[in-house]
Amino acid sequence: MSKPVILIVDDEEGIRESLSGILEDEGYDILTADSGEEAVRMLRETSPDLIFLDIWLTGMDGIKTLQEIKAMKPEVPVIMISGHGSIELAVKATQTGAYDFLEKPLSLERVLLVSKRAIEKRTLERENIALKENLTRKWKLVGESQKISELREQMEMAARSNSRVLIFGESGTGKEVAARLLHEKSPRDGKPFVEVNCAAIPQELIESELFGHEKGSFTGAFEKKNGKFELADGGTLFLDEIGDMSLQTQAKVLRVIETQEFQRVGGNKNINVDVRIIAATNKDLREEVKKGNFREDLFFRLNVIPLFVPPLRERKEDIPLLVEYFLDSLSAEYGKPPRKILPEALKYLQSYGWPGNVRELKNVIERLVIMTPSNIIDARNLFIPVEYEESGYFQYKTLKDARDAFEKDYIAKKLEENNWNISRTAEILDVERSNLHRKIKAYEIKVP
């Protein structure tokens with residue numbers, strides 16, 4: 001990890017030297033400037049972690065210099081120093097954006113303490129920015145296909161309202177991503193986003209999860225627990241796989257939607273909440289209503305704004321963008337160098353049916369990032385189960401068959417690109433001409 005960099009701006013050489021010595025002994029890298037003008041010039045080329053700035057500078061004074069610094073690098077903390085301090089100056093410096101104000105002669109302990117705190121604050125701010133960027137990147141609807149573009153437009157409109165949204169789509173298509181983006185783009189952004197997977201929670205516990213329970217309300221209830229509705233107050237409650245919710249629980253959820261109030265399990269006090277509900281399912285809820293597995297009145301309550309997330313097989317043109325996105329994000333997550341995928345391997349991925357949708361694609365890319373020793377991913381690195389084959393190379397039942405098919409197509413393509421000149425093609429493929437002849441014969445490639 002690189003050392004924090006501190007810029008010292010003072011027209012007194014003695015102050016610059018003494019401050020530099022103190023801070024260098026503490027492990028900081030030091031830059032110095034003897035005027036405000038020089039400091040501004042330096043900031044065009046570097047971004048220190050902290051600045052010590054004298055107020056009484058010749059030429060451009062410290063307050064003016066502080067204004068220039070804050071216009072260029074508002075995130076960098078600035079500690080003002082002065083031998084003629086006053087309350088008015090300290091107030092003005094603080095109002096202009098100074099982190100702190102120190103009077104000369106400088107106290108060693110005070111300089112070190114304020115430096116440490118200012119740099120810790122700057123580090124935390126950077127980490128928060130990085131965390132927000134990672135979260136934003138994590139919940140991203142990747143793709144430029146017509147279906148994804150239409151979905152993105154619908155989500156932009158739906159997000160601005162407070163209406164309930166019901167998201168349809170197969171498992172792994174990205175329904176959770178859509179739900180989180182709806183929340184982030186809504187007026188409730190900054191409030192809680194609480195998720196409940198209705199298929200993962202046993203039916204006997206789901207009411208406690210949703211509504212909470214009072215201490216002693218059932219065996220194992222050793223203390224009071226707030227439910228998901230209560231935790232999501234002011235924000236969004238995402239009911240994933242709602243088609244798997246029992247009819248009994250459906251009735252209670254319907255009541256909360258209608259009244260915005262409920263009681264904890266074992267309680268008798270009404271609790272009021274303000275919650276926007278987004279639900280998702282991989283089932284055909286209209287069919288579930290006909291079968292008696294889902295309440296029709298709840299379906300109509302939830303289905304105010306229906307959204308459909310298409311399966312990956314219906315938007316294969318998005319696969320290259322998804323692959324690039326997952327390669328970049330997963331390489332960074334695992335501390336791996338950036339990976340590049342060759343066109344032949346990408347063709348393999350686009351030939352596959354993806355029954356597990358985007359989640360399955362992500363899993364494949366994650367495996368490639370972890371297990372591929374080279375930074376270049378080619379078709380030989382791929383492994384996708386043949387029982388899910390749909391077309392192309394995945395019609396072959398063994399790896400050898402798939403490799404042979406790929407090699408045959410690749411050789412034929414290169415021969416065609418080189419006007420069927422065998423010598424030239426052998427040179428490009430870096431193989432002996434006699435070897436290429438044998439492969440042409442073995443694969444029964446017809447050369448004009």
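Is I63 buried or exposed? I63 is buried, with a relative accessible area of 8%, and that's a handy way into this predicted model. From there we'll look at helix α4, strand β4, a pocket and a few backbone oddities.

**Around I63**

- I63 sits in helix α3, which covers residues 62-72.
- Leaving aside residues up to four places away in sequence, I63 touches K92, A93 and T96.
- One of those partners, A93, is itself a buried residue of helix α4.
- I63 and G36 are 27 residues apart along the chain, and their C-alpha atoms are separated by 9.5 Å.

**Helix α4 and its two sides**

- Helix α4 runs over residues 87-96, with L89, A90 and A93 buried.
- Look down the axis of α4 and the buried residues fall within an arc of 100°, so they line one face of the helix.
- Flip to the other side of α4 and you find I87, E88 and Q95, which are exposed.
- What do the buried residues of α4 pack against? Their partners are α3, β4 (78-82) and β5 (100-103).
- Right after α4 comes G97, with a positive phi near 120°.

**Strand β4**

- In β4, 5 of the 5 residues are buried, so the strand is largely enclosed by the rest of the structure.
- As a rule, side chains in a regular strand alternate between the two faces of the sheet.
- Both faces of β4 are covered here: V78, M80 and S82 are buried on one side, I79 and I81 on the other.
- β4 pairs with strand β3 (residues 50-54) in the parallel sense, over 4 bridges.
- Within that pairing, M80 in β4 has L53 opposite.

**The second largest pocket**

- The second largest pocket has a volume of about 430 Å³.
- It is lined by 16 residues, and the closest to the pocket centre are R380, F406, E407, Y410 and L429.
- Two elements give two or more residues to this lining: α16 (399-417) and α18 (433-442).
- Which element gives the most to the lining of the second largest pocket? That's α16, with 6 residues.
- If you care about chemistry, the lining splits into 9 nonpolar and 7 charged residues, with no polar ones.

**Backbone oddities**

- For context, most residues other than glycine have a negative phi, and most peptide bonds are trans.
- The peptide bond from K104 to P105 is cis, with omega near -5°.
- P105 belongs to the loop between β5 and α5 (108-138).
- N357 isn't a glycine, yet its phi is positive, about 60°.
- You'll find N357 in helix α15, which spans residues 357-371, and N357 is buried, with a relative accessible area of 0%.
- D430 is another residue other than glycine with a positive phi, near 60°.
- D430 lies in the loop between α17 (422-429) and α18.
- Is D430 buried or exposed? D430 is exposed, with a relative accessible area of 69%, whereas N357 is buried.

Notes
Residues are numbered from 1 along each chain as its sequence is written. This is a predicted model: local features need pLDDT of at least 70, side-chain atom pairs count only at pLDDT 80 or more; totals for chains, interfaces and linings use all residues. Side-chain values use heavy atoms; hydrogens and water are left out. Buried means under 20% relative accessible area, exposed over 50%, partly exposed in between (1.4 Å probe, protein chains only). The arc is that of the directions from the helix axis to the C-beta atoms. Contact means heavy atoms within 4.5 Å. On a 1 Å grid over the protein atoms alone, a cavity is a set of points where a 1.4 Å probe fits but cannot get out, and a pocket is an open set with protein on both sides within 12 Å along at least five of seven lines; lining residues have an atom within 4 Å of a point. Grid points are joined across faces, edges and corners, and a volume is the space filled by probe spheres set on the points. Ala, Val, Leu, Ile, Met, Phe, Trp, Tyr, Cys and Pro count as nonpolar, Asp, Glu, Lys and Arg as charged, and the others, Gly among them, as polar. Two strands pair if DSSP finds at least two bridges between them.
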